[in-house]
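Colleague: Could you pick one part of this model and take me through it closely? I'd like to know what surrounds it, and then what else in the model you would point me to.

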Amino acid sequence: MLKIPFLDLPPLRGAAGTVRLPGSKSISNRLLLLAALAEGETRIEQLLDADDTAVMLEALRALGCAWHRGSDGSVTVRGLGGHLPVSAADCFLGNAGTAMRPLAAALALLAARDGGRYTLRGVPRMHERPIRDLVDALRGLGCQIDDLGQPGYPPLALCGPSPLRLAEPVRVRGDVSSQFLTALLLTLPLVAQQDVVVEVEGELISKPYVEITLALLARFGVQVQREGWQRFTIPAGSRLRSPGRLVVEGDASAASYFIALGALAATAEPVRIEGIGRDALQGDVRFADAAAAMGAEIRWLDHALEVKRGRWPLQGIELDCVAIPDAAMTLAVMALFADSPTRLTGIASWRVKETDRIAAMAAELRKLGARVAEGPDWIEVQPLPAPAWQRAAIHTYDDHRMAMCFSLAALHPLAGAQPLPLRILDPGCVAKTFPDYFETLFGLVQADAREVPVLCIDGPTASGKGTLADQVAQRLGYAVLDSGALYRATALAAQCAGVSLQDEERLASLAATLPLHFDGGRCFLDDEDVTDALRAEAVGQGASTVAALPKVRQALHQLQLSFRRVPGLVADGRDMGTAIFPDAELKVFLTASAAKRAERRHKQLMEKGFSANIAGLLRDLEERDARDKNRSASPLKPAQDARLLDNSDLDIEASVNQVLTWWSEGRPFPG
């Protein structure tokens, strides 16, 4: 997961491959609550592992519900049988509406029946999301609910005991959020000593989400009787009983981004999306029909679908999105690639989501150059002509869906637009429902290597370029290439195979098939972590020897180029900016005095348990510097356009900040 201030996406030109969807958020949090309230133990497989489920799990623990996570990622919940073992708890629910609304109903009803005081709170945006209609319905039942902030919004205190009035129908508005009705349906079985009727006032929106609720209640033994979409009856004597084992289907809302990706960019091979089928519980699966109406070619399989580009450009549509409010956001970005306007209606609920999504979507589309009109419950997006696309930094409003939707705008070269980078601010907000979204996207998209940004950090041995490169890459969300590790790995592989460091032919053969990769700041040969072994002095000296051999350098050249992939690369070495990536956007030549470098290397080796003599290290560094500067193949020297950075008196944070400042100066993004 990317925890960085911004992510710069290069221009994207194609897509193909397979994605396995994370578990549905809507199903995951409903199942967690039902499992906690039910009788018996429930094993939930393929549960979404994200912020929204994390806050629900922590709230359940605070309420006395025991659960544990298995090695396979499943979560087993020991049901409470409808009785809380604690009489007081304070639950923080972040910005998870699928946790706040049903927990408010559950705790209000249980406090009324059994007594207790429970508080629910969240992040500031949660305290701006309305809950009045649910609170009014619960108060009508006799529940005692105290507003701890602005009336009609969280935070709330749910108190009791108080007598419940179940003889009259419970009335709740249905035109703001279907989560209010869902909250009542999930929790009223706790107090259904008699038939309990819920009547919906106004038009019920997001009906497919209510269908999910009814289907899951049936799995827990409660058959709700429904009269249209206006009247629901929970039968007397209803009890929640665990079905034992449940599997969460893939997130249909998350599928929308990859369906759109296929529709826009899969021209040769399809994008295959696994974990969901046409018979999914989630209404957002119908997004595929909307994408098909715009021109996508969609092939349904068992528990999967494949998507390719069909009609191009896409066709603008007019669609009532009341049944797919979350997924419909993706259509607004797809509309940029259409040949006629796209008008989305029935989206009033966007106004009360993680942000005001109608206003946010309009504002960010306009940054890209689009013409957008908006109303109380609609948005209309005009196609964006190729010359009108603009470089932009997309504000995500702490809204996961804004970040994921707008990542698709990086495909603008497919619309004939001039290739431009796209900045996504606060990409980590996707952790709410899809922590690995961007990493998953990177595994599917294709780019012109020349348009993938590269930042080079060259310098002599022990200048600290490896540490600097790692930290700069982490701050940018880019991959890292420690080119020195390739030469050290070649020397280590030669040592293990008994190959002489003077045998240029065999060394080149070893280098050409070197199975080296980097992960989490560690170096691996196949599956073996060789990070520490590569730092041994003998290996370092061997690396300096093999690096001077032209055939070895030629063998490793293509391997180094292959590290240039989406979203970008930070490469460190001795000739990254001169020989390997001469077109890099920023080249830094890092150095420090030989004495300072010897001191740092001595400290590093001692901390790792290696014996070392500082005088000997200084002598070795000076000799290595001389060899590196005077070798015939790519001698050590700054690129002509390199920025010089002497870090003799700088700590790592100061060095990182300087490099990032230079990087930002060369990549301006209008707000």
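Modeller: Sure. One definition first: I call two residues in contact when they have heavy atoms within 4.5 Å, and that is the sense in which I'll say that something covers a buried residue. Keep in mind, too, that this is a predicted model.

Let's take helix α6, residues 207-219. Its length checks out: 13 residues at 1.5 Å a residue should span 18 Å, and the end C-alpha atoms are 19 Å apart, which agrees. Much of the interest is in what it hides. Buried here means under 20% relative accessible area, and in α6 that applies to P208, Y209, V210, I212, T213, L214, L216 and L217. When you look at how those residues are spaced, remember that an α-helix has 3.6 residues a turn, so residues three or four places apart point the same way. So what lies over the buried residues of α6? The cover includes three helices, α1 (25-37), α5 (178-187) and α7 (252-265), along with the strands β13 (225-227) and β14 (231-234). Just past the helix, G221 takes a positive phi of about 90°.

Elsewhere, have a look at β8 (residues 116-121), which pairs with two other strands. With β7 (residues 88-92) it runs parallel, joined by five bridges, and A88 has R117 of β8 as its bridge partner. Getting from β7 to β8, the chain passes through helix α3 (residues 97-114), and that β-α-β crossover is right-handed. With β10 (residues 156-160), β8 runs antiparallel, again through five bridges; there L120 is partnered by L156.

Another spot to zoom in on is E45, in strand β4 (residues 41-45). This glutamate counts as buried, at 16% relative accessibility. Its side chain makes a polar contact with the side chain of R43, at 2.9 Å. Setting aside neighbours within four places in sequence, E45 is in contact with S74, R245, L246, V247 and V248.

Last, the cysteines: you'll find zero disulfides. C143 is buried, with a relative accessible area of 6%, but the closest cysteine sulfur, in C159, is 11 Å from its own, too far for a bond. C523 is a similar story: it counts as buried at 7% relative accessibility, and its sulfur is 15 Å from the closest cysteine sulfur, in C496, so that pair is too far apart for a bond as well.

Methods. Residues numbered from 1 in each chain as written. Predicted model: local features only at pLDDT ≥ 70, side-chain atom pairs only at ≥ 80, totals over all residues. Heavy atoms only, no water. Disulfide = S-S within 2.5 Å. Buried < 20%, exposed > 50% of the residue type's maximum accessible area, 1.4 Å probe, protein only. Pairing = 2+ DSSP bridges. Helix = DSSP H or I, 4+ residues; strand = E, 2+ residues; numbered from the N terminus. Right-handed = clockwise from strand over helix to strand, strands pointing away. Expected span 1.5 Å × (residues − 1). Polar contact = N/O pair within 3.5 Å; in protein donor to acceptor, adjacent residues only side chain to side chain.
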